[in-house]
Amino acid sequence: MSNAKAQPKSVLWDWLTTVDHKKIGIMYMVAGLFFFALGGLEAILMRIQLMFPEFSFLGYQTYNEVLTMHGTTMIFLAAMPLLFGFMNFIVPLQIGARDVAFPFLNSLGFWLFLFGGLLLNVSWFTGGAPDAAWTAYVPLSSDSPGHGVDYYVLGLQVSGAGTLIGGINFLVTIINMRAPGMSMMRMPLFTWSTFVTSMLILFAFPALTIGLLLLMLDRIFGGAFFDVAAGGNVVIWQHLFWIFGHPEVYILILPAFGMFSEIIATFAKKRLFGYSAMVFATLIIGFLGFMVWAHHMFTVGMGPVANAIFAVATMAIAVPTGIKIFNWLLTLWGGRIKFTVANLFALAFIPSFTMGGVTGVMLATSAANYQFHDTYFVVAHFHYVIIGGVVFGIFAGMFYWWPKMFGYRLDETLGKIFFWLFLIGFHLTFFVQHFLGLMGMPRRVASFLDGQGLNEMNLISTIGAFMMGVAFIILVITLIVSRKNTDNVDDPWDGRTLEWATPSPVPEYNFAQTPLVRELDALWHEKYEGDGKMKAAEPLDDIHMPNGSILPIFISLGLTVASFGLIYSTHVITVIGLLITFGAMFVRSIKEDHGYHIPVSEIKRGKGER
Amino acid sequence: MKHLWRLLPFSFILLLAGCGVENLSALDPQGPVADMQLSLIQLSLYIMILVIVVVFAVYLFVLIKFRERPGDTHIPKQVHGNRTLEFIWTTIPILLLLMLAVPNVMDTFTLAETSIPEADEDGVEPVPGEDYVTIRATAHQFWWEFEYPELEINAGQEMYIPTDTRIIVELEASDVIHSFWIPALVGKQDNVPGITNDLWFEAPEEGVFFGKCTEICGPSHWLMDFKVIAVDQSTFTTWADTMAAPPAEFTEPQGEVAVEGRQIFEANCIACHAIGDEGGAVGPNFTNYADREVVAGFLEHTDENLREWIRDPQSLKPGNEMPAFDESTLSEEELDSLIEYIDTLQILE
Amino acid sequence: MSTHLDPSAPLQGSASKATERKLKQEARTQVVSYVFMIFITSTAFLTIATDIIPSSFGIPFILLLAGVQVVMQLYFFMHMKDKGTGWVNAMIWSGMFVAAITVATLMLLLGINKY
Amino acid sequence: MATNEAVDQHTLPPNPEKATLEGRNKYLGFWFFLGGETVLFASLFGTYLGLRNSTAGGPGGADLFHLDLVFIMTMILLTSSLTSVFAIINMRRNNYKGLLMWMWATVLLGLTFLGFEVYEFYEYYHQGLGFTTSAFASSFYTLVGTHGAHVTFGVLWIITLLVRYRKTGLTLTNAPKFYTAVLYWHFIDVVWVFIFTVVYLLGIGG
Ligand code: HEA
Ligand code: HEA
Ligand SMILES: [Cu+2]
């Protein structure tokens, strides 16, 4: 039976049990920023080690561990959760929904990610982190001594399950929960890219799940998948990893593309140029993303026909991506461009990402890839697209949506200092790495010999990394000192999309009345063609809300306990962990919880205050 | 155009002239395969620079022309899109990509032609060692083994090749995945356990070229270097003949100390390090050890370094397979005579 | 305050006449599908269990039969043929597409044979 | 929430599983999950196909498989698909007893199938095919075992539903639960059809 009212709760309990997409979004952001700092710290450690030739700051083994954890942390625990944070917070608002389709699963997804991430990092304290690089190629990973790689396998398995759940949740939310009038072709681009990203997650992550399962079976249960002596094949891992891994990079970049589309349109005060082409390009990128993974494996010996096919398929992705770049440029064309920090990041993205994208096409040239592969040229390429694309997107999104999410505006002056330092540091770090690669510096080396002409550029690169580090600290300061800017936070940028129609901070039910959408850029339309307010699609009525639940933490905790049991082959513990998980799932499935209703009177009071 | 950096419009790159060591850089190719690859890189670079120039030009124009000026409050026209423009920026990239894709596909197939050359019109079969050389390069943690199946040679760490001859390398691995790369001569292919890959190249000039492992293979991955030594055909023949069947005066130690060294070698080393075809293959073959430029693939070849290596290989190259020989196994004097003996294992001056 | 629906109250009443008729019809269709699937499975089984049919034909044949059967499961048993299943169709076939290239790759591109 | 408009809790809607927004969400979300499962199983199938001749001197499929046994298992699973279809038809006519009965029949068939599978694995193990024997063995047990784990989970899930809702009658809450459980069950059958063909029939005949 549904309660009439929510029970009053303590703050901590409220956050632990929340199923509110906005709170979950904020938790993703906070955890993501934490892991970003951690991954960044690991990057700085690596750069210190590579500052001088034959330097001994980190041991070689330690270097490999730091390297592996840097890549893994940044991709799985920093970039994706930060994007998930925005997706969670913003997408329901943008489509005029009160919540996501599966609030309970949403919270489960978050806790799985967090427990998985923490599990992975526990390895630092138990005898060594994973050391076989983030790609964990077998047999290096399957034979790696110690438990580091076991932590990798199980940490990613747990957090990967969370991601998959999140993906399904977004898909259903976007399909089923749109406000009246919000057809698919009126959805903001960030929602669209969330949709396509979620499809990529849905079809890419299972391949990783199986890859990790096989690796676990080999390492812990004596399986022979990757054991050449028993007939195993080591290339299987590479395919499974990259069938996941290549779509993964588009999982990262597409949401960022979506954010840029919103931000550039807002600050150019123009409708996005070529909206339908943008949607179409996003879909094509998603589709092609599944056809090209073997471009990471040109040198593994698939043969010239396979290499040629995958090379050409990869190059094809430049076309839809180019369509997007030019559409953004044309959105700016004729606009009235305002240089806020959010927009500075969006604008810096265009040239930076183009530079990274075109080196991607160079890498896709299979015959030349034999020279590029596994050198710093590749490192340069992907940091250009990831930092110049994804990280810039995250920073742009932070400055753009922060007032909505946290109720205060970030300081523009400090923000600009942060922006310039980060931008310059970034190019300084990674531009020279293109040359390092071609001059004979392989990637994943714990050091390099003196007298090979690599000294100066490595030093430059490290200096750039330090600048990024300083910039990041300025960002953290900005986040703290800006808290006084609580004025003008409902719609500070003259926004175009529905999230700006809500008050900041957003009430838990988002919209007192579900809005009626009459055009693309629904709010802008009402501002400039209507009376500036969204029309309501329904009369004011009680609002049904889901109850919070502590069960997601127990489900995640159980899996974490089970993982420890597996890592140390103590199967009693494995069983106990699984019992906790399945027990919590069982409780969830037999206990019907129909949520509660917020009465009209309370909603009216909420409105009246504003 | 030999130097890629000259092509770049970024002037500060010119400062880098002189950086990049000869015979290590893919930007300074020393043979037809690396040449072909650099040409392809250059072609792609030209195309990419064109793309970048166009994007940057539009970008800068837009930012300058349409920036918000103080007091400006107009609402720009809400344009929906433009079919013609969209058609143009779909078609031109496709054309640019085709310009790159076609030569790439051709080169990819050329590089995959690793078969032994065919007999000429007169039906004369090509001679291994003269018209071509097949080398089986097996990667180990963290060293390279080079077998010449037709010439019955097993060598470690240094790969001797004749100039101007087609070299076919078969790649294998004994433990984990490694990757074989000689930047100045040929792009890389992976050494994968359970799978045989191959590649070909030629070296027109004599010289010493640096080779590297480019697939992470453990803690000492960065130290897994090797050398490719290209010598003229007659030198190569001499080398190959001596390596295949070292003459007695070569293997028989000269002088008292060396005799003792030989015995120590037989007692401690030969189980892993063969001389000629006598001995094990856990570590690199020692037949021509004294010819090597470096110890353990990366240390300058001095007695001191060799001594340090034998005493404590793990601290120099963590994770490798060689056991340490401390004072209790090998006294200082024994080590002296061992090194003296090893110093005689020379095939070329 | 408006009344709220109680989702855990048992549903009352029974299907309308028209629905009943449709359900009867459906039950018949499903039984026919079932018999057909049994038939297909048996055919596949016999193709292999007896050596009458050469394997060059038999293998593609049984794979085809498996494909037919899966489509029948999806479209009849799982109702993917019904109206309003557009998204379901889109997702399942996307999944099948990724599945197909995955299987093909793992069969062909393992480096043992070069293409 | 504009959730449940037009639904009167007292009359039976034609598709009770999709009558509420929660139901529609569950329905769609579950299908998407099955889309992901498709790729999951494809990865296992691919691995198996890549390794199926890598017996490393141990026994191979042709030495082990009992086609007739597997054929019976296929029939059982196929029949259980039909019983679950009947369960849904009964749900549509609000014949709750019928729904429960056909679901129990499904569970029973599922358990029989599992029994056969346990017996099968036991047999193979005793004929020298351990999990660690060869890459073929590992990939065989993992593929078929993952399917078996799905069957087990499905059985437990359906039993939970049957026990939990043994006397509530059909409601707008449990209709989607039964429906998704049945979808899951069909999907398991779909996967088995491929296992039957690709692993067993091709293992003997290919
Ligand atoms: C956000 C992440 C991201 C993105 C978006 C991309 C985008 C692309 N990547 Fe990248 N890539 C990575 C992340 C990413 N990559 C990572 C992490 C790795 C390394 C993994 C590892 O080994 O650890 C990697 C490695 C990698 C490789 C393997 C290198 C190797 O190991 O040898 C290749 C090879 O083809 C490649 C290609 C591409 C291509 C063609 C694109 C394209 O999508 C780019 C398209 C964009 C443009 C081309 C620019 C805009 C277009 C125009 C202005 C139109 C006109 C352009 C032309 C006509 C060219 N990438
Ligand atoms: C999202 C992805 C992402 C991001 C953002 C980054 C960011 C950075 N990366 Fe990362 N990198 C990868 C993904 C990423 N990387 C991957 C996938 C690999 C491959 C791994 C592998 O081969 O397996 C890799 C590999 C890699 C290498 C190659 C190592 C090698 O091959 O041996 C290098 C070397 O320079 C490097 C450097 C950096 C630097 C300097 C940053 C900087 O941008 C970091 C900037 C951030 C900071 C500077 C934050 C600093 C934090 C502090 C200063 C703490 C302060 C704390 C408080 C104030 C609380 N990275
Ligand atoms: Cu890729």
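**Exercise 1. Locate B:Phe142 in the predicted model and characterise the peptide bond that leads to it from B:Gln141.**

Solution.
Step 1. In this predicted model, B:Phe142 falls in the loop that connects β1 (132–140) with β2 (143–148) of chain B.
Step 2. The bond from B:Gln141 to B:Phe142 is a cis peptide bond, and its omega is near -5°.
Step 3. A cis bond is also present in chain A, where A:Ser504 is joined to A:Pro505 with an omega of about -10°. A:Pro505 belongs to the loop between α16 and β1 (515–516) of chain A.

**Exercise 2. For A:Asp521 and D:Asn94, state the backbone phi, the location and whether each residue is buried or exposed.**

Solution.
Step 1. A:Asp521 is not a glycine, yet its phi is positive, near 55°. D:Asn94, likewise not a glycine, has a positive phi of about 60°.
Step 2. The loop between β1 and α17 (522–529) of chain A holds A:Asp521. D:Asn94 sits in the loop between α3 (67–92) and α4 (96–126) of chain D.
Step 3. The cut-off for a buried residue is a relative accessible area under 20%. A:Asp521 has a relative accessibility of 14% and therefore counts as buried. D:Asn94 has 17%, so D:Asn94 counts as buried.

**Exercise 3. Identify the donors of the copper ion (ligand 3), and determine which parts of chain A are tied together by A:His246 and A:His296.**

Solution.
Step 1. Three histidines coordinate the copper ion (ligand 3): A:His246 through ND1, A:His295 through NE2 and A:His296 through NE2, at 1.8 to 2.1 Å.
Step 2. The sequence spacing of these donor residues is H-x48-H-H.
Step 3. A:His246 is part of helix α8 (residues 235–268) of chain A, whereas A:His296 is in the loop between α9 (275–288) and α10 (304–316) of chain A; the pair therefore ties together parts that are 50 residues apart in sequence.
Step 4. With a relative accessibility of 4%, A:His246 counts as buried. A:His296, at a relative accessible area of 22%, is partly exposed.
Step 5. The distance from the copper ion (ligand 3) to the iron atom of ligand 1 is 4.5 Å.

**Exercise 4. Describe the surroundings of ligand 1: where does it lie, which residues are closest, and which polar contacts are made?**

Solution.
Step 1. Ligand 1 is placed between chains A and B.
Step 2. Its shell comprises 34 residues, the closest being A:Trp134, A:Tyr250, A:His373, A:His381 and A:Arg443.
Step 3. Two contacts involve oxygen atoms of ligand 1: a polar side-chain atom of A:Tyr250 lies 2.7 Å from an oxygen atom, and a polar backbone atom of A:Ala364 is 3.2 Å from an oxygen atom. A nitrogen atom of ligand 1 is 2.9 Å from a polar side-chain atom of A:His381.
Step 4. At least two shell residues each come from α8, α11 (318–332), α12 (341–364) and α14 of chain A, and from α1 (32–65) and α2 (83–111) of chain B.
Step 5. By class, the shell around ligand 1 contains 22 nonpolar, ten polar and two charged residues.

**Exercise 5. Carry out the corresponding analysis for ligand 2, and name the element that gives the largest share of its shell.**

Solution.
Step 1. Ligand 2 is surrounded by 34 residues, with A:Tyr63, A:His70, A:Trp134, A:His383 and A:Arg444 the closest.
Step 2. An oxygen atom of ligand 2 is 2.6 Å from a polar side-chain atom of A:Tyr63. The side chain of A:His70 places an N or O atom 2.8 Å from a nitrogen atom of the ligand. A polar backbone atom of A:Trp134 is 2.8 Å from an oxygen atom of ligand 2.
Step 3. Two or more shell residues are given by each of α2 (21–49), α3 (60–94), α14 (376–406), α15 (412–438) and α16 (455–481) of chain A. The largest share, eight residues, belongs to α2(A).
Step 4. The shell around ligand 2 divides into 25 nonpolar, six polar and three charged residues.

**Exercise 6. Quantify the contact between chain A and chain B.**

Solution.
Step 1. Chain A contributes 95 residues and chain B 93 residues to the contact.
Step 2. About 7,800 Å² is buried between the two chains, and carbon and sulfur atoms give 73% of this area.
Step 3. On the chain B side, B:Trp89, B:Ile216 and B:Trp222 lose the most area to chain A, together 11% of what that side buries.

Key
Residues numbered from 1 in each chain as written. Chains lettered and ligands numbered in written order. Predicted model: local features only at pLDDT ≥ 70, side-chain atom pairs only at ≥ 80, totals over all residues. Heavy atoms only, no water. Near = heavy atom within 4 Å. Polar contact = N/O pair within 3.5 Å; in protein donor to acceptor, adjacent residues only side chain to side chain. Helix = DSSP H or I, 4+ residues; strand = E, 2+ residues; numbered from the N terminus. Nonpolar A, V, L, I, M, F, W, Y, C, P; charged D, E, K, R; others polar. Donors = N, O, S within 2.8 Å, 3.2 Å for Na, K, Ca; no water. Buried < 20%, exposed > 50% of the residue type's maximum accessible area, 1.4 Å probe, protein only. Contact = heavy atoms within 4.5 Å. Buried area = accessible area lost by both parts, 1.4 Å probe.
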